[in-house]
Amino acid sequence: MTEHERAREHVRVAVIGSGFGGLGAAVQLRRSGVTDFVVLERREAVGGTWHDNTYPGCACDVPSHLYSFSFAPNPEWPRSFSGQPHIRAYLERVTDTFGLRPHLRLNCDVQQLTWDGDELRWNITTSQGPLTADVVVSATGPLSDAKIPDIPGLDGFPGRVFHSARWEHDFDLRGKRVAMVGTGASAIQIVPAIQPEVGRLTLFQRTPAWVMPRVDRPISGPERWLHTRLPVTGALRRQVLWAVRELQVSAFTKHPERLGLVQRLAARHMRRAITDSETRRKLTPDYRIGCKRILLSNSFYPALAQDNVDLVASRLAEVRGSTVVAADGTTAEVDAIVFGTGFHVTDMPIARKVKGADGTTLAEAWKDGMESLRGASAAGFPNFLTVIGPNTGLGNSSMILMIEAQLAYLTDYVRQLDMLGGRAALDARPEAVRTWNVHLQERMKRTVWNTGGCDSWYLDANGRNTTVWPGTTAEFRRATRSIRLEEYRVLRAPEARATAPAARAGAATEGEAAA
C-alpha cells in the first residue's frame, strides 16, 4: 500500500492490541458479519501479555480449560495450569483458525487518536501512517506497560537491569548475584526457576503475599482424547471450573470473614516449607487473604529456604554502584537487578494518547480515577470502547469470561450503530456513567479488596478501587448483554441530522437534545 493510499484509508473498526481482548474482538466482529476492520499491534507477533512475558517459569494461575475462549476450546492443553508457550501458541492458532491474519498490522504502534466531531470518526496516527475509523476498540489490557520504580542511583548500576516482562534471555544468570525486586505473581514464578542456577539471590519484599498450593498436574492422554472426540466433556469441565469460582465470589465481595479458613490453609502451606520462625514472620501478611491477589505456587517457599537465597523484608531504596540498599539499611552486592514490580494498571498509558470530543485526553478525564459505563464507554469519547476497562478485573476467576461478556457488548454496539443508519456515533451520557460508578463503589465498600487492610494495585492514587468487578461473572454478563440506548447520546454528522431516522428507545440525537 502506497503512502497516498494509506493516507486515505478508512475502516469501520480499529482494534488496538492482539492479546485475548483484541483477538477476541476481531473474532466476534467477523462472526457478526463485520469484515472491515484492522487489528493494530505494536509488537512483531500476536499474544499481548503472553507474547511479552517470557521470563523463566512464566505460567497462568487460572486453569487452562477456563483460560480460553468458549468459542475456541482447546482439547490439547497439556497441564491443568498452562505455561506461557502453550498459551501463546493457542492465541496464534486462534488467529489462524478464524482467518485474522489479513486484518493484522504488526509492528504498528498507535501514537495518537483524535475524535473528529464533524466527520464522526477517529483520526488515528500510527508508526505505519494514518488511518481513520468509525469505531475504536482499545484492547491494550492492564498488563501491557511495565512499571519500574524510580530508584535513586539505578542509572549508575554497572550490571544488567530489566523488568520481568522484558526478560533479557541473552544474559546468563549462572553463578551471578541477582536482586529480585517484588514478590508478586511474576516473582513467585521467577524465584524458584532461577534459584538453582544463580550464585546468590536477594529478594526484596515490600509487602508479603498470601500463597496457596498450586493444584497442577499433567492432563493425561486419555483425557485429551476424550475432550477431542467428545467436545461436550471439555465444555463440562469448563463449566465445573467456572461454577466453583462463582460460588467463591460472595466471600470476596460480601462476606470477607468467610476467608478465614483459606487464610489458615495458606499459613499451613508456608509452615510446611519454612521452618525458621523469623523467616515465617517476614513472609506472613498482616492483611486478610484476598485483599491482594492470592498467589499459587508449590515451589516458591521451598526456594526461599535454600542457602543461596536472602529474603529482605523491605523495599529497594537506593543503588550505589553495584550495591543495592534496602529501606531498612540491608545491603547486597549484585550483578543484575530484576524488577517484578507490575504494570500501569490504574493509569492506562493508552489514555494519554486519546483525545475526545472536546480535545481533552482520556487521561485528563480520568485524572481523579478511571470510570466508564459498564467497563466500556467513557463520556465525551464517542465510539471508543475499552476491553478490560475500568472495574472489569477479577480477583478469583478467569478474565476470559469478562472479556467475552465485553465482546457481546461490543458487537451489539456496532449492530446498534448500523440500525441507526447513516453516519452516527454513540456517546455515553455523563449521568449514566456517574450512576453506574456510584453503584459500583457502593458495592465495593464491603469487599475484601476495600476492607482487607492492604494497599494493592487494585486501588488508584486516591484509594478508589477502579480495577476489580465487585460481583460474579454471570452478573457482569447480564449487565453487558446488550446496549441500553437510553444511556447514550446519539450523535449525527451535521449534514445528516436533517434526514436522520427518528431516535429509538429514548436515545435523543445531538440535535434533538439541543432543541
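Helices here are DSSP runs of at least four residues, strands are DSSP runs of at least two, and both are numbered from the N terminus. The views below all come from a predicted model.

**View 1. Asn391 sits in the loop between E18 and H12.** Start with the backbone of this asparagine. Asn391 has a positive phi of about 55°, although it is not a glycine. Most residues other than glycine have a negative phi. The relative accessible area of Asn391 is 2%, so Asn391 is buried.

**View 2. Asn383 also has a positive phi without being a glycine.** The value is about 55°. Asn383 belongs to the loop between helix H11 (362-365) and strand E18 (384-386). Is this asparagine buried or exposed? Asn383 is buried, because its relative accessible area is 0% and the cut-off for buried is under 20%.

**View 3. Helices H2 and H12 cross at roughly 40°.** Two packed helices are described by the angle between their axes and the distance between the axes. For H2 (residues 20-31) and H12 (residues 399-420), the axes come within 9 Å. The angle makes H2 oblique to H12, and the crossing is right-handed. On the H2 side, the contact involves Phe20, Gly21, Gly24, Ala25, Gln28 and Leu29. Their partners in H12 are Ile400, Ile403, Leu407, Leu410, Thr411 and Val414. Sorted by class, the residues of this contact are eight nonpolar and four polar, with no charged residue among them.

**View 4. Helices H6 and H7 cross at roughly 110°.** The axes of H6 (residues 221-229) and H7 (residues 231-253) come within 4 Å. With that angle, H6 is roughly perpendicular to H7. H6 brings Glu223, Leu226, His227, Thr228 and Arg229 to the contact, and H7 brings Pro231, Thr233, Gly234 and Arg237. The contact of H6 with H7 counts two nonpolar, four polar and three charged residues. Glu223 has a salt-bridge partner as well: its side chain meets that of Arg217, with 2.8 Å from N to O. Arg217 is partly exposed, at a relative accessible area of 36%.

**View 5. Helix H5 is mostly covered.** How many of the eight residues of H5 (residues 187-194) are buried? Seven of them are: Ala187, Ile188, Gln189, Ile190, Val191, Pro192 and Ile194. These buried residues pack against strand E8 (177-181), strand E9 (200-204), E11 and helix H10 (300-304).

**View 6. Ala303 of helix H10 touches Val191 and Pro192, among others.** Leaving out residues up to four places away in sequence, the contacts of Ala303 are Val191, Pro192, Gln195 and Val309. Val191 and Pro192 are among the buried residues of H5. Ala303 itself counts as buried, at 4% relative accessibility. If you would like a sense of scale, the C-alpha atoms of Ala303 and Ile124 are separated by 48 Å, and the two residues lie 179 residues apart along the chain.

**View 7. Gln195 lies in the loop between H5 and E9.** Which residues does Gln195 contact, leaving aside neighbours within four places in sequence? They are Ala303, Gln306, Asn308 and Val309. Gln195 is buried, with a relative accessible area of 12%.

**View 8. A salt bridge joins Arg293 and Asp61.** The closest N and O atoms of this pair are 2.6 Å apart. The bridge links distant parts of the chain, with the two residues 232 residues apart. Arg293 is in the loop between helix H9 (277-283) and strand E11 (295-296), whereas Asp61 is in the loop between helix H3 (49-52) and helix H4 (84-97). Arg293 counts as partly exposed, at 30% relative accessibility.

**View 9. Asp52 and Arg43 form another of the salt bridges.** Here the closest N and O atoms are 3.1 Å apart. The two partners fall on either side of the burial cut-off, which is under 20% relative accessible area: Asp52 is buried at 11%, while Arg43 is partly exposed at 21%.

**View 10. Shared salt-bridge partners join Arg88, Glu92, Asp96 and Arg101 into one network.** For the wider setting, a search of the whole structure finds 32 salt bridges.

Definitions and conventions: Residues are numbered from 1 along each chain as its sequence is written. This is a predicted model: local features need pLDDT of at least 70, side-chain atom pairs count only at pLDDT 80 or more; totals for chains, interfaces and linings use all residues. Side-chain values use heavy atoms; hydrogens and water are left out. Axes are lines fitted to C-alpha atoms, for helices over the stretch in contact, and angles run from 0 to 180 degrees between N-to-C directions. Angles under 35 degrees count as roughly parallel, over 145 as roughly antiparallel, 65 to 115 as roughly perpendicular and the rest as oblique. A crossing is left-handed if the near helix is turned anticlockwise from the far one by less than a right angle, and right-handed if clockwise. Contact means heavy atoms within 4.5 Å. Ala, Val, Leu, Ile, Met, Phe, Trp, Tyr, Cys and Pro count as nonpolar, Asp, Glu, Lys and Arg as charged, and the others, Gly among them, as polar. A salt bridge is a side-chain nitrogen of Lys or Arg within 4 Å of a carboxyl oxygen of Asp or Glu. Buried means under 20% relative accessible area, exposed over 50%, partly exposed in between (1.4 Å probe, protein chains only).
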